[in-house]
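Visitor: I would like a close look at one part of this protein. Please take me through a strand, what it pairs with, and what packs around it.

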Amino acid sequence: MNIPDTCVVTGAAGFIGYHLAARLLAAGMSVVGIDSVSPYYDVTLKRRRLDDLQRHKGFLFHEIDLVDLSSLVAVFTECRPKFVIQLAAQAGVRYSIDNPSAYVTSNLVGFANILECCRRMHVGHLVFASTSSVYGANTTVPFSEHHGTDHPVSFYAATKKANEAMAHSYAYLYALPCTGLRFFTVYGPWGRPDMALFKFTKAILSGEPIEVYNNGLMVRDFTYVDDIVEGVVRVLNQPASKNATWDARHPDPASSSAPYRIFNIGNSQPVKLMRYIEVLEKYLGKKAVINFQPMQPGDVPETWADVSELKAAVGYSPRTGIEDGIGRFVDWYLAYYK
C-alpha cells in the first residue's frame, strides 16, 4: 500500500481518530495529531488514547483548538503535511439541540480554519468526516450519495452538511482535492461514552435501566471501527479528481467538476436496535432493564448505507458483523474498567 510520508489527523484523541492514527503509524507513517481534548466526555479516556499513540516514535501531538488559526498555521508550516484527515468536531445529535453555539465554533469556524491551512500549504488531499445524519428527513433507503440532503433534522447534521458545501467551494476555487466520508454509527473498543453501546454496557453492568427511543423501533447501520479505518486508509492515497461527465444542468451531489467527492462509509447491513441489545446481553451475560421512550427530536428511525460507490472506487468491503464487533467491545470494556 502506498502511504504518504506525513499526515495531519485532527481529533486524534477521539475514538475514530485514535484508531486511524494507530493504523497509519503501524504502517510506518508519520502522524501529526491535533486535538483540543475537550471535556465533552471523559478526558481521562482521551488521555489514555494519546498515551498509547505517543509510544510510537512517528507520532507528534499538538493540543490545539481548531478555532486557533495562528497555532494551526504554525503546525502546518512546520510539518508541511501531504494529506490531512479532518475528524475533529463537536459530535452528538442531542447535544446540538441545547448547545448549538458549540457546533458553530467547532464545526464551522474550526473546519474553515482547516480548509484555509490546507489551501495555504497546498495539501495534496483533504479527507473529512461527514455523517449519515445529513440525510435528515429522507426516508428512502438505502441512503445514496446521489440523494439530496437539503432537510437536516438536527443542527449537528446541518453543520456537517455545511462542511460538505465549504469543502466543495475550496475544491472549486483553489483546486484543493477534498473527499467527504459520511460515517454510519461507528462502534468498537475505545468508543465514545455518549454513544449507545457504551451507555448500554455501563447501565446493564450496573443494574440500571437503559433508555431505548422510538419504543425500540430503531434500525441502524452499525459499523465497526476497523472497517471505517480501512475505508479511510483506502481513500487517503486516492485524491479526489474532477468528474469529467458531471452535468451542471443535472448536478450530482456526490461529485463535481471540481476535485471533490462524497462517499457513504458504513456496514450496509442495517440491524434492529433490539437485536443489537440482545447481542450485547449475550456477551455481558446479563439482561437489560429497558425503559422505552418516544422518538427524540433530531433523531431518525432508520439508517442504511449504500456503499457501492466506495466499493467501486477503492474496493471497500466491510468485514465485521455485530456479533464479532460487540464481543470485541465488551472484551475491551471489561479489561479497561477492570
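Guide: What follows starts at one strand, β11, and works outward from there. Keep in mind that this is a predicted model.

Start with β11 itself, residues 260–265. How many of its residues are buried? The count is 6 of 6, so the strand is mostly covered by the definition of buried as under 20% relative accessible area. Both faces are covered. Y260, I262 and N264 lie on one side. R261, F263 and I265 lie on the other.

Now the pairing. β11 runs parallel to β6, and 6 bridges join the two. One pair to find on screen is L181, which stands opposite F263 in β11. β6 covers residues 178–183. Past it, T185 sits in the loop between β6 and β7 (186–187). T185 is not a glycine, yet its phi is positive, about 35°. Most residues other than glycine have a negative phi.

β11 also borders open space. The second largest pocket holds about 200 Å³. Its lining has 13 residues, and those closest to its centre are A254, S255, R261, F263 and E309. Which element gives the most to that lining? It is β11, with 4 residues. Helix α10 (308–314) supplies at least two residues, as does β11. F263 therefore takes two roles here: F263 is buried in the strand, under 20% relative accessible area, and F263 is among the residues closest to the pocket centre.

Next, the helix that packs on this strand. Helix α6 spans residues 155–174, 20 residues in total. From first C-alpha to last, α6 reaches 28 Å, close to the 28 Å expected at 1.5 Å a residue. Its buried residues are Y156, A157, T159, K160, N163, E164, A167, Y170 and A171. Seen down the axis, these fall within an arc of 165°, so they line one face of α6. Y172 and L173 are exposed on the other side. What does the buried set of α6 pack against? The partners are α4 (93–98), α5 (100–120), β5 (125–131), β6 and β11. Both members of the β6 and β11 pair are in that list. After α6 comes A175, with a positive phi near 55°.

Follow β5 from that list. β5 pairs with β4 in the parallel sense over 4 bridges. In β5, H125 is the bridge partner of F83. On the way from β5 to α6 there is a loop, and P142 is in it. The peptide bond from V141 to P142 is cis, with omega near 0°. Most peptide bonds are trans.

β4 covers residues 83–86. F83 and I85 point one way, V84 and Q86 the other, and all are buried. β4 also pairs with β1 (residues 6–10), again parallel, over 4 bridges. Here V8 stands opposite V84.

Helix α3, residues 69–79, packs on this region. Its buried residues are L72, V73, V75, F76 and C79. They cover an arc of only 165° around the axis, which puts them on the same side of α3. The face turned away carries the exposed residues S70 and E78. The buried residues pack against β1, β2 (30–35), β3 (59–63), β4 and α5. α5 is also packed against by the buried residues of α6. Just after α3, R80 takes a positive phi of about 45°.

One last stop is L53, in helix α2 (residues 43–53). Is L53 buried or exposed? At 0% relative accessibility, L53 counts as buried. Leaving aside neighbours within four places in sequence, L53 is in contact with A12, Y18, A21, A22, L25 and F59. L25 is 28 residues away along the chain, yet the two C-alpha atoms are 8.4 Å apart. Another contact, F59, belongs to β3, one of the strands that the buried residues of α3 pack against.

Notes:
Residues numbered from 1 in each chain as written. Predicted model: local features only at pLDDT ≥ 70, side-chain atom pairs only at ≥ 80, totals over all residues. Heavy atoms only, no water. Buried < 20%, exposed > 50% of the residue type's maximum accessible area, 1.4 Å probe, protein only. Contact = heavy atoms within 4.5 Å. Expected span 1.5 Å × (residues − 1). Arc of directions from axis to C-beta. Pairing = 2+ DSSP bridges. 1 Å grid on protein atoms, 1.4 Å probe; cavity = no way out; pocket = protein on both sides within 12 Å on 5 of 7 lines; lining within 4 Å. Points joined across faces, edges and corners; volume = space filled by probe spheres on them.
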